[in-house]
Amino acid sequence: MLTKFETKSARVKGLSFHPKRPWILASLHNGVIQLWDYRMCTLIDKFDEHDGPVRGIDFHKQQPLFVSGGDDYKIKVWNYKLRRCLFTLLGHLDYIRTTFFHHVSPSFTLKMASLSDVISVFLSCSVLTGHNHYVMCAQFHPSEDLVVSASLDQTVRVWDISGLRKKNLSPGAVETDVRGISGVDLFGASDAVVKHVLEGHDRGVNWAAFHPTMPLIVSGADDRQVKIWRMNESKAWELDTCRGHYNNVSCAVFHPRQELILSNSEDKSIRVWDMSKRTGVQTFRRDHDRFWVLGAHPNLNLFAAGHDSGMLVFKLERERPAYAVYGNMLYYVKDRFLRQLDFNSSKDTAVMQLRSGSKFPVFSMSYNPAENAVLLCTRATNLENSTYDLYAIPKESDSQNPDAPEGKRSSGLTAVWVARNRFAVLDRMHSLLIKNLKNEIVKKVQVPSCEEIFYAGTGSLLLRDADGVTLFDVQQKRSLATVKIAKVKYVVWSADTSHVALLAKHAIMICNRKLESLCNIHENIRVKSGAWDESGVFIYTTSNHIKYALTSGDHGIIRTLDLPIYVTRVRGNSVYCLDRECRPRVLTIDPTEYRFKLALVNRKYEEVLHMVRNAKLVGQSIIAYLQKKGYPEVALHFVKDEKTRFSLALECGNIEVALEAAKALDERGCWERLGEAALLQGHHQVVEMCYQRTKNFDKLTFLYLITGNLAKLRKMMKIAEIRKDMSGHYQGALYLGDVSERVRILKNCGQKSLAYLTAATHGMDEEAEALKETFDLEKETVPEVDLNAQLMQPPPPINPLDTNWPLLTVSKGFFEGAIAAKGKAGQMAADMDVDAPGGEGWGEDAELQLEEDGFMDAQDGLGEEGGAAKEEGGGWELSLDNLLSAGAGGGAEDGFFVPPTKGMSPTQLWCNNSQLPVDHVLAGSFETAMRLLHDQVGVVQFGPYKQLFMQTLSRGRTCYLGLPSLPCLRGNPQRNWKDSGAKQGLPAVGLRLSDLIARLQQCYQLTTAGRFEEAVERFRAILLSVPLLVVDNKQEIAEAQQLITICREYIVGLTMETERKKLPKDTLDQQKRLCEMAAYFTHCSLQPVHMVLVLRTALNLFFKLKNFKTAASFARRLLELGPKPEVAQQTRKILAACEKTLTDAHQLNYDPHNPFDLCAASYTPLYRGRPVEKCPLSGACYCPPYKGQVCRVTQVTEIGKDVIGLRVSPLQFR
Amino acid sequence: MAAQQGDVDELFDVKNAYYISSYQQFNYIFSSLQPSTPEKEVERDMFLYTAYSWDSQKYAVVMDDITASASPELQAVKMFAEYCSNEGKRDAVVGELDKKMAKSVDVANTTFLLMAASIYYHEMNSDSALRSLHQGESLECLAMTIQVLLSLERVDLARKELKKMQEQDEDATLTQLSTAWVNIAVGGEKLQDAYYIFQEMSDKYSPTLLLLNGQAACHMAHNKWEEAEGVLQEALDKDSSHPETLINLIVLTQHLGKAPEVTNRYLSQLKDAHRAHRFLKDYLAKENEFDRLAMQYAPTVTV
């Protein structure tokens, strides 16, 4: 039993849950009715109008009403919104035991049982009579017109009240009835009839209740028994009796969803009974309080029980689903199935059925992505009986009917993965075991006392003891760090495991990887769950809120919740969660607030500014927040009010902004404050302005003095004189060292002797004399002049300070800059809009057209030999290997150490396993590779292959580091690693046909651009690479052949064109030769784009040569290719011109109608039937004299060499 | 040097950082460590100096710090440092070592055995290396034996040695690493296990170049080139001239079908920075071999 809420009060006699809100009404023995919020744990209201105990209490399902009935014979109907009793119903002549609303009838109908031997139904105007002792309880059937009542006459009766309903259809009648009630006598007695009388209890029956859906009744009686009854239309009978209470059973109810009955009794216990087995399942006892009443929540898994000193709200079992998140996957347990939810696709599938056998739900889950295995922990009521199951999740699963793999079950409180193939189990002795995937104990670890373990990344665990959590390294068997926090229930790691949130019942602590506490948050309401969002904000839920917490400790509410949820993941503004029914849900939240705060904490001011400008964030609270958190410069950005602006500016020391604000405000106080702030910064120009504005002459004078501004100081003296400020005036003179002025001042203010002395001391004799004369010698004495007096002159300023005091150059804060640049931002944005004129790209994507044909068949026969050779190699190598290991084994036994001989390296195996040249190159066996190339495609000149060989070799071996300070180890990636076994390895090739084909495009572009020599080079590189391919099927073999053909055609054509361009064109013969070559070029098979260009060249040349007939044929061919409109138009013109005189002026060695091959060396046509020598690789044709020379196209092969043929696939050897 | 079962190994962090080549971590831990006994202190210093030996800037520290009166363990380290730092002296050091090995060797001085084996391994004299390691039974000796055996392509024997290690301490970092090496060599299904070991360690400690390259090697052996790219990019960000990373990138870029220029850039980077690396030595040797072999072929008719 999980107690959610407890109250202390007088004896609770009645309870009623609100159907929607988290409220419960408790009616007390002392006449008070309390309205509690059990989620917030607060008393919402009290209703105190009854005299004496209130036993009947019920919420109305739709309206803000409830009804109560008490021992004062009164029924009261209340409106909790108005917080008052609406009306009181009188009529019962004895204690009222229960009161209920009829929840089907649209008008409210009340019913109650009273201590008299009648059941009366108010408003529906009926009194049911039949019991012959006090009626203890009466309730409506949830859907039918039935009432069940329990009485001290030891019977339970079922009443049919359909007559009553009919009579009561008009709502108008109800109104009048409500007011017209004055006594029982008014009601007829025949509206309700007894349907069944259930006899079986030996004592008075205290409670009877219908099952919410089935035709069952439960009753509890003073004979200490709980009885279950069944009824049908005609009869009702006793099904079973639950014995176990040892005092009067006061109340019994059906569990609304499970096959359970709850009963409570004066024996101070609540018992839970299994309905089908009729056995006690659980018992909860209190020490001193007898139980009096039970209430079940209509929708939620909540119950309430009232006892002698209060009540408690509880549930029978945890509703938290067991779940685990890995990457985009959520794994959770629902109805004995392990389900998998893909967050991205929202695909929810059952992957596995769990083994049944535990009556307890799965408590927690730990998922291992490497092995795709789960640990499911089950907690029993008695902790020591807890178990865990280890399951390997089946790879393939039918979602409708998933497999039920055999798990491994052992006892243990908690099991958590600590490594890919290890998990830790906290056993019932609270010691820690490390087990492997076979569920065998690998080692036992001594741990500090702990009561729960949590995941903490690979090799570590979090151990919880009574008052803290310890980070424990399982491998080193030592504690790494400890943090104090009481009773942590859940632990949530961030995705990169840099932070962890420890969730206790009412507290959250966020720590870093080293378990140093970063912040502590206290919650008044229960903390339920949490998850880290991708930006490092912890999003958590309490019973009724989704909240956020930054690692800096800032936290707040994001939104409210109706029902508790369990957060599984947070992405952007989506919160993925499971509800209590285990349904995956996605809630949307507004992340602006925490994003803003996060950006502030991380000092990402541009982000802050963006939000400031675009999000609706402005408000007093945000300004206050910013100011409080020490971001006045940010707050400054929000503020328009000059006064706030001024004080914020001062706070962040932004004198310019403050000055601006002060000018706008123009208040004395402001200027004073600004003056002080500016003085601190040495900003004396502003200080001067402030002093001027506040007319603070003393300070101003002093400012001028210390800044050495004598001119202004003199002016100040003048001002003082005008203001008749003697002392100021004198001070000014003193500062300036102006003696005559001083004398004058002293004289003017009647200080004659002082004036005289001043004059005399400073050697102003005339003045002194003049003054001396004014002395009335009889009355006054001329003061004695001190001869030792020295002339005191203030030192003249060496360098008057005009500029402000130099400040350290601090880069302007982002916000100061932003404030200043506010106006300019728009312009910059506009600048960026200027669009660069887009060049016309190479739109022509000449696609390689490939056809599948079966010409490979002929070559199949050739493969046989190779296969045989391979087998032979295998056998030989096997015997050698045996020999080797035998030798090594013998050496070790003898005690003498005989170092083992070198083994067979994978690269050697590659050579043995393959007859493809590239495999040999990759293996580093150049010798054999060259031989193969020589034999297969007739390569005789390997120079151009060097680069290819070296590159290929270098991709054959990876490396990884072994022990530090030793050379690295080599890895050999193999293309058939899955099924190679130890001996059948073949290297990963790394050269793909598709890549080569892709490289063609580049060559085509070069061709189009007219960079023929480069293009030829590239084509040749592709051509030479083809023999180093490995392909899988016949189609690809054909494609490879075709690739060679394409390269050949281009190379021949382009080299001929290059050659042609070099030729002189002075004589007619030379011109004829040029035309011939141009004509041959049109017979190379090229892409249409290129063919258009070639044909145009040929057309022009022939037209110029006046060979109009041939020119016309070119023109027609050109038009067939569908060139661009302007080209087409031009061509048509030429064609028209040609057709006028359809003759050739000169005889050329070119016959377009007679098919020919082109000799790639002499560039002459080789008409069909003439002897031809071919290049074994490229297939380029040559006149017979060239036999034995190096092919012009490939530059590596020998013309006319007798070879096996191109081999690029193991298929060709079969 | 094997960790005693049961009690806490105070040098754990140092060793760990050393084995996964996490040098920053290493220095940090080192400075905060206070060994409880003089033996531990020697052991600690040993790790430090071995780590310093290859660093051209720091080997002088090793030479200066280890005086003639230092323990025999440290003397062995000094010998190794001498070998590493000065290419000219190598033959002399090896000669001296040969003499020492010919005499009876203090088998308890595991460090000496290790250092001797390291030198022989560098000299590509795997027989002597194995002979030296054969006398020790510690995890370190076994791990090095495995590495030598793997370089000899004797996976079968390496597995036997690994079994011995697993019997000693299955969860030790060295055992785990050795398991990963052997698994890579075995290939097939075992590659995934190897990958997980590297992955797990980088999760647990920090992703070092050693671990990242290990992961990359696994990925590449799996033909998962895109995944390998990510890992190697991370390694490259940590150290742009790390030779093994560059070698792996040379392999990778080709398998990803990138332009040859990309590959060549890494190759020339490698040539610039690590001329003496074994890979380049092999590479140059192969180039010569190619030239030699190419001479054997010629067209029948030359023009």
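Colleague: Before we dig in, what does "contact" mean here, and how many residues of chain B are in contact with chain A?

Modeller: Contact means heavy atoms within 4.5 Å. Keep in mind that this is a predicted model. By that rule, chain A brings 73 residues to the meeting with chain B, and the number from chain B is 88.

Colleague: Okay, and how much area do chain B and chain A bury between them?

Modeller: The size of an interface is often given as the accessible area lost when the parts come together. Here 59% of that area is on carbon and sulfur atoms. For chain B and chain A, the total comes to about 7,200 Å².

Colleague: Which helix gives the most to the side of chain B that touches chain A?

Modeller: Let's start with the polar side of things: the interface has 23 residue pairs in polar contact. It also has five salt bridges, and one salt bridge joins Asp291(B) to Lys946(A) at 3.1 Å, N to O. The helix giving the most to chain B's side, with 11 residues, spans 278-294, and that's H17.

Colleague: Now inside chain A: which helix gives the most to the largest nonpolar core?

Modeller: In general, nonpolar side chains tend to be buried together in soluble globular proteins. The largest core here has 211 residues, and those touching the most other members are Phe942(A), Tyr945(A), Phe949(A), Phe1019(A) and Tyr1182(A). The top contributor, with 11 residues from the stretch 1034-1062 of chain A, is helix H27.

Colleague: Take the salt bridge between Asp389(A) and Arg409(A): how many residues apart are they?

Modeller: Their side chains meet at 2.9 Å, N to O. Asp389(A) sits in strand E35 and Arg409(A) in strand E36, so the pair links distant parts of the chain. Asp389(A) counts as buried because its relative accessibility is 4%, under the 20% cut-off, while Arg409(A) is partly exposed at 29%. Along the sequence, the two are apart by 20 residues.

Colleague: And for Arg1116(A) and Glu1139(A), which helices does the salt bridge tie together?

Modeller: The closest N and O atoms of this pair are 3.4 Å apart. Arg1116(A) and Glu1139(A) are 23 residues apart in sequence, so the bridge ties together separate parts. Those parts, both in chain A, are helices H30 and H31.

Colleague: Last one: what phi does Gly750(A) have, positive or negative?

Modeller: Gly750(A) comes after helix H14 of chain A. The buried residues of H14(A), including Val743(A) and Leu746(A), pack against H12, H13, H15 and H16 of chain A. As for Gly750(A), its phi is positive, near 85 degrees.

Notes: Residues numbered from 1 in each chain as written. Chains lettered and ligands numbered in written order. Predicted model: local features only at pLDDT ≥ 70, side-chain atom pairs only at ≥ 80, totals over all residues. Heavy atoms only, no water. Core = buried A, V, L, I, M, F, W, Y, C linked by side-chain atoms within 4.5 Å. Buried < 20%, exposed > 50% of the residue type's maximum accessible area, 1.4 Å probe, protein only. Helix = DSSP H or I, 4+ residues; strand = E, 2+ residues; numbered from the N terminus. Buried area = accessible area lost by both parts, 1.4 Å probe. Salt bridge = Lys/Arg side-chain N within 4 Å of Asp/Glu carboxyl O. Polar contact = N/O pair within 3.5 Å; in protein donor to acceptor, adjacent residues only side chain to side chain.
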